[in-house]
Amino acid sequence: MAAGGGSVSALWTEVNRAGQSNDFNRALKSLSKILQINKDDPTALHCKVVCFIQNGSFKEALNVIHTHTKVLSSDTVAFEKAYCEYRLNRIENALKTIESASQHTDQMKELYAQVLYRLERYEECLSVYRDLIRNSQDDYEEERKT
């Protein structure tokens, strides 16, 4: 049993290294090995979703989310799900996902504004962006103002 734990630890180290070097295919390989050991590891599943997104594999990311709804709570992956739906041009689905999310981080609000823009709900979009500019402090403040 200890060997399995050490093996999983080494795999997580590999996932971390691969992620830091933006080698998401390599990270996916290590995540698959982790999931062979523990198929319901929520952290590994969430990381797998993020890796798919980073690779532009939005359908695959959604497939992982939909296949593992018992393990990945909707709050855990709400942003990722909405983002995939948005990128796959499923704008109404993205809107529903965002509106049903319990947490609205700045990241989620920015996606919400983009969704509203794509739905041509410009006044609501503008309102969300104004709120973001007033109430957020991060590295993207200048970009939002433009």
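Reader: Why is Cys-125 called buried?

Author: Happy to start there. Cys-125 has a relative accessible area of 6%, and buried means under 20%, so Cys-125 counts as buried. Keep in mind that this is a predicted model.

Reader: And what makes Cys-84 count as buried?

Author: The cut-off is again under 20%. Cys-84 has 0% relative accessibility, so Cys-84 is buried too.

Reader: With cysteines in view, how many disulfides does the structure hold?

Author: Zero. To count, a pair of cysteine sulfur atoms would have to lie within 2.5 Å, and the structure holds no such pair.

Reader: Which residues make the contact of α4 with α5?

Author: Let me set the scene with the two helices. The axes of helix α4 (residues 58-67) and α5 come within 9 Å and cross at roughly 140°, and the crossing of α4 past α5 is left-handed. On the α4 side, the contact is made by Phe-58, Ala-61, Leu-62, Ile-65 and His-66. From α5 come Glu-80, Lys-81, Tyr-83, Cys-84, Glu-85 and Arg-87, so the buried Cys-84 is one of the residues in this contact. By class, the contact has six nonpolar, one polar and four charged residues.

Reader: What makes His-66 polar and Tyr-83 nonpolar in that tally?

Author: It is a matter of lists. Tyr is on the nonpolar list, whereas His is on neither the nonpolar nor the charged list and therefore counts as polar.

Reader: Good. Now, what is unusual about the phi of Asn-89?

Author: Most residues other than glycine have a negative phi. Asn-89 is not a glycine, yet its phi is positive, about 65°. Asn-89 lies in the loop between α5 (78-87) and α6 (91-100).

Reader: Is Asn-89 called buried or exposed, and why?

Author: Exposed means over 50%. Asn-89 has 53% relative accessibility, so Asn-89 counts as exposed.

Reader: What about Glu-120: where is it, and why is it called exposed?

Author: Glu-120 sits in the loop between α7 (106-118) and α8 (122-135). Its relative accessibility is 58%, which is over 50%, so Glu-120 counts as exposed. Glu-120 also has a positive phi, about 60°, although it is not a glycine.

Reader: Last one: what makes Lys-29 exposed?

Author: Its relative accessible area is 59%, over the 50% cut-off, so Lys-29 is exposed. Lys-29 belongs to helix α2 (residues 24-37). Lys-29 and Glu-14 are 15 residues apart in sequence, with 9.6 Å between their C-alpha atoms.

How values were computed
Residues are numbered from 1 along each chain as its sequence is written. This is a predicted model: local features need pLDDT of at least 70, side-chain atom pairs count only at pLDDT 80 or more; totals for chains, interfaces and linings use all residues. Side-chain values use heavy atoms; hydrogens and water are left out. Helices (H or I, at least four residues) and strands (E, at least two) are DSSP runs, numbered from the N terminus. Buried means under 20% relative accessible area, exposed over 50%, partly exposed in between (1.4 Å probe, protein chains only). Axes are lines fitted to C-alpha atoms, for helices over the stretch in contact, and angles run from 0 to 180 degrees between N-to-C directions. A crossing is left-handed if the near helix is turned anticlockwise from the far one by less than a right angle, and right-handed if clockwise. Contact means heavy atoms within 4.5 Å.
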